[in-house]
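Biologist: I would like a close look at a single part of this structure, beginning with the open space at its second largest pocket. Please go slowly, and show me afterwards how other parts of the chain are built.

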Amino acid sequence: MSNKAKKGVLLVQLGTPNAPTTGEVRKYLTEFLMDPRVMDIPVISRNLLVKGVIVPKRAPRTAHTYTTIWDEQTGSPLLYYSQEQQRLLQESLGEDYHVELAMRYQEPSIPKAMEKLQHMFLDSLLVIPLFPQYASATTGSVIDRVMEIMRKWQYFPKVNFVSSYCEDPLMIDVFSEHAEKHDLDSYDHFLFSYHGLPVRQLGKVDPSGELKCPDFGCEGCRKEANSYCYLSQCYATTRAIIKKLNLPEDKCTLCFQSRLGKTPWIQPYTSDTLHDLAKKGKKRLLVFSPAFVADCIETLDEILVEYADEFKAMGGETVDMVESLNTNPKWIESLRRMVLGNTN
């Protein structure tokens, strides 16, 4: 055992298949969708729906999509950028810290990362889920899994979690800087497209079970960053970027992508928003994706290919996307400040 215990940092991203094949995508989707925080329905119904309907239908199509964004040298874009974020943060923090990366689903797994950290006899452990806005299905699931594993540890270092950072100034700076690479005056409209959630999950943050959230959010969540309301935090991030770039509010729309199934999800949906803008004669759109700290299938394909093709088919001309945080030095500095602020 080292004379000086290190401070551990665990970065956790959502996950990615190990390869762009139907079998690997099936494994990834099954693990992801069988998480009760993601598909919050009874386990028997979840098994039937996920393994009998959703995965068999989606796996071949999703595998094909992954082949279009998979790099021969670096593989999955999400994994590549996440590994670079880990490496750069480790360099920034120095030898007193040990930074591990894990994926909530598939590899590198949380159990394997936690085993490495456990054997280091840490002084402290900080877990940073790589999701700026808190949701039970993302950040909550990461924290749940880490605590489940730690229950078996025989020693406990000081443990802390970063639950959200939806208004982090450096993060807002990076999204703004990346947007300014585009000619902002040339766009008819700006979309802020976030990953969607079933509406029922918004109200579950209230232990009483009495909170009933409307599909589009309440007036309060549109104006304030409520601590555990995903929708309100999406609004908060959007407001901060709009203010930083001095964008006209009447040319900005917050919307949600990647919905699944027939139950109501948070609205407005990105696809519906594209239709509405096309009907109004809008031609050039710039899309922000502030729920993602690294470019991935949801940005590189769903926005730049699927939504772009959809918009052009309706008479639009251009759908451009603001690059995610990826390896921007300010984003690495933001992570460094989170670590120092929660471990010193």
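Modeller: A pocket here is an open set of grid points with protein on both sides within 12 Å along at least five of seven lines, and its volume is the space filled by probe spheres set on those points. Please keep in mind throughout that this is a predicted model.

With that meaning of the word, the second largest pocket holds about 380 Å³ of space. Its lining is made of 16 residues, and those nearest the centre are Leu49, Ile54, Leu260, Gly261 and Lys262. Helix H2, which runs from residue 43 to 69, gives the most to this lining, with six residues. Sorted by class, the lining has eight nonpolar, two polar and six charged residues.

Helix H2 is also the place of Asn47. This residue has a relative accessibility of 26% and therefore counts as partly exposed. If we leave aside the neighbours within four places in sequence, Asn47 is in contact with Met34 and Gly52. To give you a sense of distance, the C-alpha atom of Asn47 is separated by 36 Å from that of Thr238, a residue 191 places away along the chain.

A pocket is open, whereas a cavity is a set of points where a 1.4 Å probe fits but cannot get out. The structure holds one cavity of 30 Å³ or more, and the largest cavity contains about 70 Å³ of space. Its lining is formed by Tyr134, Ala135, Ser136, Leu197, Gln201, Leu202, Val205, Tyr228, Cys229 and Tyr230. Eight of these lining residues are nonpolar and two are polar, while none is charged.

Let us turn next to helix H4, residues 110–118, where Ile110, Ala113, Met114 and Leu117 are buried. These four residues cover an arc of only 100° around the axis, which means that they sit on the same side of H4. The general rule behind such a pattern is that an α-helix has 3.6 residues a turn, so residues three or four places apart point the same way. The partners against which the buried residues of H4 pack are strand S1 (7–15), strand S2 (97–105), strand S3 (124–129) and helix H5 (136–150). At the start of H4, a side-chain oxygen of Ser109 comes to within 3.2 Å of the backbone nitrogen of Lys112.

The loops on the two sides of H4 deserve a careful look at their backbone. In the loop between S2 and H4 we find Pro108, and the peptide bond leading to this proline from Glu107 is cis, with omega near -5°. The loop between S2 and H4 also contains Gln106, which has a positive phi of about 75° although it is not a glycine. With a relative accessibility of 12%, Gln106 counts as buried. In the loop between H4 and S3 lies Phe121, another non-glycine residue with a positive phi, here about 50°. Phe121 has a relative accessibility of 38% and so counts as partly exposed.

A cis peptide bond also joins Gln267 to Pro268, with omega near 5°. Pro268 belongs to the loop between strand S6 (252–257) and helix H10 (270–279).

Two residues elsewhere show how a buried side chain can reach a backbone atom. The former is His189, found in strand S5, which covers residues 189–195. His189 has a relative accessible area of 6% and is therefore buried, and its side chain reaches the backbone oxygen of Lys251 at 3.3 Å. Not counting residues up to four places away in sequence, His189 touches Asp250, Lys251, Cys252, Thr253, Leu277, Arg284, Leu285 and Leu286.

The latter is Thr299, which is found in helix H11, residues 297–313. At 1% relative accessibility, Thr299 counts as buried, and its side chain reaches the backbone nitrogen of Cys296 at 3.0 Å. Apart from its neighbours within four places in sequence, Thr299 is in contact with Ser289, Phe292, Leu304 and Met321.

Terms used: Residues are numbered from 1 along each chain as its sequence is written. This is a predicted model: local features need pLDDT of at least 70, side-chain atom pairs count only at pLDDT 80 or more; totals for chains, interfaces and linings use all residues. Side-chain values use heavy atoms; hydrogens and water are left out. Buried means under 20% relative accessible area, exposed over 50%, partly exposed in between (1.4 Å probe, protein chains only). The arc is that of the directions from the helix axis to the C-beta atoms. Contact means heavy atoms within 4.5 Å. A polar contact is a pair of N or O atoms within 3.5 Å; within protein, one must be able to donate a hydrogen and the other to accept it, and residues adjacent in sequence count only if both atoms are side-chain atoms. On a 1 Å grid over the protein atoms alone, a cavity is a set of points where a 1.4 Å probe fits but cannot get out, and a pocket is an open set with protein on both sides within 12 Å along at least five of seven lines; lining residues have an atom within 4 Å of a point. Ala, Val, Leu, Ile, Met, Phe, Trp, Tyr, Cys and Pro count as nonpolar, Asp, Glu, Lys and Arg as charged, and the others, Gly among them, as polar.
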